[in-house]
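The following exercises concern the reading of helix geometry and burial from a model. Please examine the sequence and the structure before attempting them.

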Amino acid sequence: MGDVVNIRDVSRDVFSATLGSVCCCYTGQPLDTIKVRMQTNPHLYTGVIQTFSKTVGEEGVAALWKGAVPTAVGMALENAVAFGVNEALKRAFPDDPAAKNADERPDLLKPFLMGSITGCCSAIVLLPSEVIKAKTQVEIGSSLSSKDILQKMIKKQGVRSLFCGFDAQLMRDAPFYAVFFGGYELSCYLFRTHVPSMPEELNFFLSGGLAGMFGWT
């Protein structure tokens, strides 16, 4: 049990995931805002370029980062939980050392199963920020902040309003993390097998990118 919840390992996993998620949030938030507006108002926002131009022209460049604060908080919590839980599961159910061989195919089913469990855990901490973020992003021409929207939600519907759509969140996150972590391990294995000259750092970088792409598709 001590190996599973080793403070140093857990702290490293959580810190790395939190830092990465905040950077990811602020680089990807403009495209997420465009996506949400196109999804919620398809008659008003008809395309990526048109949505970008209309949003910036009417509300300024800062509007592209609407909802960035709850997104950053949510992503930090999500990734801290996701990578923390996944690494803990890997330490709790390690591969058999006797079967570990560089030329032998690793167990690729386990990462997919662990990813599903991870997704269920991360959905719980991510959903509240997702609800606030989406409501903030669709506020057109409004000066309401994420804090104002949160207070309005709590006043009208209580805390349960933060978990609206929890079943849909589970249906999204469990398969996503199954494909993400499972796809990552599969990709690393395929690169090592078919491109043995590839540096491990590049393998990790490409495999992580491919895993994220396949997870979202």
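Three exercises with worked solutions follow, based on a predicted model.

**Exercise 1.** Describe the overall composition of the protein chain and its extent.

Solution. The protein chain contains 7 helices and 0 strands, giving the pattern α-α-α-α-α-α-α along the sequence. Its C-alpha atoms fill a box of roughly 60 × 35 × 30 Å along the principal axes. Of its 217 residues, 36% count as buried.

**Exercise 2.** Determine how helices H3 and H4 are oriented relative to each other, and characterise their contact.

Solution. Begin with the axes: those of H3 (residues 68-92) and H4 (residues 109-137) come within 8 Å and cross at roughly 170°. Angles over 145 degrees count as roughly antiparallel, and H3 and H4 are therefore roughly antiparallel to each other. Next, list the contact residues, which include Gly74, Leu77 and Val81 of H3 and Ile117, Cys121 and Val125 of H4. By class, the contact comprises 13 nonpolar, 7 polar and 3 charged residues.

**Exercise 3.** Compare the expected span of helix H7 with its end-to-end distance, and locate its buried residues around the axis.

Solution. At 1.5 Å a residue, the 17 residues of H7 (residues 200-216) should span 24 Å, and the end C-alpha atoms are 24 Å apart, which agrees. The buried residues of H7 are Asn203, Ser207, Ala211, Gly212 and Gly215. Because they cover an arc of only 155° around the axis, they lie on the same side of H7. Helix H6 (166-194) is among the elements covering them. The face turned away from this buried side carries the exposed residues Glu201, Phe205, Met213 and Trp216.

Technical notes: Residues numbered from 1 in each chain as written. Predicted model: local features only at pLDDT ≥ 70, side-chain atom pairs only at ≥ 80, totals over all residues. Heavy atoms only, no water. Axes fitted to C-alpha atoms, helices over the stretch in contact; angles between N-to-C directions. Helix = DSSP H or I, 4+ residues; strand = E, 2+ residues; numbered from the N terminus. Parallel < 35°, antiparallel > 145°, perpendicular 65-115°, else oblique. Contact = heavy atoms within 4.5 Å. Nonpolar A, V, L, I, M, F, W, Y, C, P; charged D, E, K, R; others polar. Expected span 1.5 Å × (residues − 1). Buried < 20%, exposed > 50% of the residue type's maximum accessible area, 1.4 Å probe, protein only. Arc of directions from axis to C-beta.
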